[in-house]
Amino acid sequence: MTVAIVLAAGTPAAGLTTATGEPLADRLAAQLRRAGADEVRFAANLDELAALADSATGPLLVTGTDLVAHTAVLRHLATSPVGPTVALVLGDPPVPGRTAVREERGQIVDAGAVDALDGDATGVFGGALRVGVDDLPNLAAAARAAAIGLLPIATPLGPAGDVAPFEPAPGTGRPDAGERPAPVAAGGPGSAVDRLVAGLAALGTLIFAQRVRLLVAHRVDDAAGLAAAEAAVTAVDEDRAELRLSVKEKDDFFSTYFVSTWSPYVVRLSARLRLTPTGVTVISVLFALAAAVLFGVGGRPALVSGAVLLYLGFVLDCVDGQLARYTRHFSAWGGWLDTMADRAKEYLVYAGLGFGVSHAGLGNGWALAIAAMTLQTVRHMTDTWYGVLHDEAARRPRAATGASGGIGDRLNAASTRVQADTGSLSYWLKRTVVFPIGERWALIALTVALFNPLVSLIAVLVWGALAFAYTGALRTLRARWMWVPVLDTVDATLHRDDGPLARRLPVVRPMGPLTLAVIAALGSAALLVAALLTDAPDGLRWAVPVALLVLLVGGLGSGAAHNGPLDWLVPAALRAAEYLFAIAVGVVGGAPGWLIFGYVFVLTVHHYDLTARLEKRQAAPPLHPATLGWEGRSVLLALAAIAGIVSIGMATLGTYLLVVFVASAVLAWFVRPARSARASAAPVGAGGAAPR
């Protein structure tokens with residue numbers, strides 16, 4: 001249940017009336033209801049708001065009384081999927097009494113008077129915010145502190161309802177020891193809602209920015225400003241703007257010029273047909289599957305038809321997200337499914353290409369498909385964790401992210417300049433060279449239609465390897481400059497995918513977890529190279545236990561602190577180590593290429609599940625312990641190799657992991673939510689005692 005609160009304190013606009021004679025505050029309340037609020041309340045002051053925050057059980061929408069905006073602006077704020085707590089940010093020039101903000105990577109990392117931001121302000125608080133349930137204690141503390149003219153200090157809160165440690169707000173003076181500071185007048189410094197968001201940021205709350213684009217939102221102080229803002233709102237076609245807003249503001253080159261130029265028409269048609277984003281995702285999977293089958297069949301008509309279907313499948317892959325933004329139908333399940341479907345589609349296409357190469361007698365297509373899938377998965381793992389690293393760095397004070405100067409600092413500044421120069425040649429080169437999904441699918445479609453699946457897989461591998469080297473080198477330099485530990489902020493054991501054996505191994509701290517993980521990967525790579533170069537790979541069965549022992553070296557860092565500047569690379573290194581070991585064991589044991597591909601595919605699905613949950617802030621998969629950990633799975637494969645039953649062992653273990661994955665997904669997204677809904681809907685006394 002979402003409750004909206006209109007905060008009437010401290011704004012000159014509180015008594016303004018609209019062109020229809022309706023009080024501005026009443027119109028805001030009506031808009032909040034249309035935006036999705038289940039209940040709208042008015043708070044006369046910050047103390048009342050704090051009391052409402054204490055008793056709230058769902059997210060709160062808080063606005064001042066000076067906001068003039070499209071209803072869609074408030075609906076976007078209420079339904080924003082970027083995070084639990086989101087604030088409206090305007091591009092208006094800062095004025096006295098308004099809270100200025102500094103954003104990095106979509107997060108508000110500082111908020112206060114514009115002069116306090118040392119010229120680093122990137123926008124102005126728009127007078128409205130949504131606060132997630134977990135941040136309600138911070139909201140109540142910030143409201144109580146702001147009510148008496150103080151700014152809370154970013155230290156842990158005491159018991160629920162206690163005011164956080166505080167310092168005087170600028171301009172209020174410092175109270176004598178032991179005295180309660182005198183309350184600040186309602187009008188300054190800044191309105192109540194401005195002081196509220198500044199206090200919330202001071203407590204270290206993770207606040208995401210909701211920028212207003214194409215639509216209109218203004219804060220007003222007088223009748224003239226109100227009339228001008230209303231005229232600006234009326235001049236914009238809200239539905240047309242929302243359709244354009246469904247397209248990402250910054251996307252990759254191929255998506256921008258070859259998809260998003262016409263995909264909004266598909267979005268509107270899908271909305272009229274009452275298709276859901278999940279339904280569009282399923283259709284896009286079917287298109288990709290059909291393309292993969294045609295690539296495997298071979299022949300020029302089939303290859304060209306497959307290329308067309310692949311392109312249309314990618315269009316639908318963009319449409320599902322655009323439809324979600326247009327209809328505001330977001331869900332954790334939909335986001336998770338979209339992430340998983342993207343990777344499954346791509347790797348099914350690799351399988352079709354690999355089969356097509358082998359079927360046409362052009363070479364070992366399965367080996368190329370396995371290499372492409374492994375390379376792309378390890379790349380994605382580095383992308384995910386570098387994104388987490390960058391987000392964590394943005395949340396920290398600049399002085400804490402490393403000393404200024406050096407090549408990392410210069411690279412960071414250069415990257416920021418290029419990203420700001422939207423549409424320039426350097427901007428598009430930077431976005432294209434990293435080989436994003438649109439460019440990958442375009443390259444596959446073109447090369448397979450003009451040439452054959454072999455050329456397509458080689459092109460994917462070459463460009464992917466170059467992109468990996470480029471991003472890896474630059475990110476390593478920038479990460480060493482930022483020096484922000486990331487894995488220490490999450491459950492490192494979960495995201496390493498450690499099993500019981502790794503958790504019980506002794507800890508070797510001096511070498512560091514990354515060095516140990518790299519050693520594990522190198523040992524697996526050595527076994528694979530030896531197996532590929534020998535004419536009788538079965539003769540290397542004796543080397544499998546040796547490679548396993550080297551692989552288990554990666555587990556010696558499980559219990560160590562992952563706080564080095566490059567430890568964000570540990571998950572990717574462990575993924576590479578496990579995949580390379582599995583491939584090597586398959587080659588040594590004579591397993592068919594399609595079986596090795598299938599087994600590694602199941603591993604990638606399992607690992608993408610972990611990263612998707614990280615990105616969507618979801619808990620660990622319910623059956624995660626049953627996946628045995630990277631080292632447990634590797635031990636079982638090694639035993640199968642020693643026993644001479646690699647194909648049987650790989651097929652059995654892969655099937656088991658796939659069943660666990662499906663069962664875990666059903667439990668997480670269907671069974672447990674249904675049980676929770678039934679439990680919350682059950683009347684008191686029906687099957688349980690009344691709460692005390």
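**Exercise 1. In this predicted model, work out how far helix α5 (residues 192-202) is enclosed by the rest of the structure.**

Solution. Start by going along the helix and picking out the buried residues: A192, V193, D194, R195, L196, V197, A198, G199, L200 and A201. That's ten of the eleven residues in α5, so the helix is largely enclosed by the rest of the structure. Now step past its end: α5 is followed by G204, which has a positive phi, near 80°. One of the buried residues, D194, also has charged company, since a network of salt bridges links D66, R98, D194, R219 and D221.

**Exercise 2. Find which residues of helix α9 (residues 263-272) are buried, and decide how they sit around the axis.**

Solution. First, list the buried ones: S263, P264, V266, V267 and S270. Next, check their spread: they cover an arc of only 155° around the axis, so they end up on the same side of α9. Then flip to the face turned away from that buried side, where you'll find the exposed residues Y265 and R272. What sits over the buried residues? The cover includes α7 (238-245), α10 (277-297) and α11 (300-327). Finally, look at what comes after the helix: R274 follows α9 and has a positive phi, near 60°.

**Exercise 3. Describe the largest nonpolar core and say which helix gives the most to it.**

Solution. Begin with the count: this core has 117 residues, and F295, Y350, F581 and F597 have the most contacts inside it. The top contributor is helix α13 (residues 365-395), with 14 residues. Another core lies apart from this one; it has 36 residues, including A50, A53, L129 and L203. Now zoom in on F597. Skipping neighbours within four places in sequence, F597 touches Y347, Y350, A351, W366, A369, I370 and M373.

**Exercise 4. Place M650 in the structure: is it buried or exposed, and what is it in contact with?**

Solution. Locate M650 first: it belongs to helix α25 (residues 646-681). Its relative accessible area is 1%, and the cut-off for buried is under 20%, so M650 is buried. Beyond the neighbours within four places in sequence, M650 has contacts with A582, G586, L595, I596, Y599 and L637. For a distance check, take L636: M650 is 14 residues from L636 in sequence, and their C-alpha atoms are 8.9 Å apart.

**Exercise 5. Of the 25 salt bridges, take R105 with D391, D317 with K345, and D383 with R475, and work out which parts of the chain each one connects.**

Solution. Take R105 and D391 to begin with, where the closest N and O atoms are 2.7 Å apart. R105 is in the loop between β6 (100-104) and β7 (107-112) while D391 is in helix α13, so this pair ties together parts 286 residues apart in sequence. R105 is partly exposed at 45% relative accessible area, and D391 is partly exposed too, at 24%.

Move on to D317 and K345, whose closest N and O atoms are 3.0 Å apart. Since D317 is in helix α11 and K345 in helix α12 (residues 332-359), the parts tied together are 28 residues apart in sequence. Both of these partners are buried.

That leaves D383 and R475, which meet at 2.6 Å, N to O. D383 sits in helix α13 and R475 in helix α17 (residues 453-482), 92 residues apart, so the pair links distant parts of the chain. Their accessibilities fall on either side of the 20% cut-off: D383 counts as partly exposed at 27%, whereas R475 counts as buried at 19%.

Notes. Residues are numbered from 1 along each chain as its sequence is written. This is a predicted model: local features need pLDDT of at least 70, side-chain atom pairs count only at pLDDT 80 or more; totals for chains, interfaces and linings use all residues. Side-chain values use heavy atoms; hydrogens and water are left out. A nonpolar core is a set of buried Ala, Val, Leu, Ile, Met, Phe, Trp, Tyr and Cys residues joined through side-chain atoms within 4.5 Å. Buried means under 20% relative accessible area, exposed over 50%, partly exposed in between (1.4 Å probe, protein chains only). Helices (H or I, at least four residues) and strands (E, at least two) are DSSP runs, numbered from the N terminus. Contact means heavy atoms within 4.5 Å. The arc is that of the directions from the helix axis to the C-beta atoms. A salt bridge is a side-chain nitrogen of Lys or Arg within 4 Å of a carboxyl oxygen of Asp or Glu.
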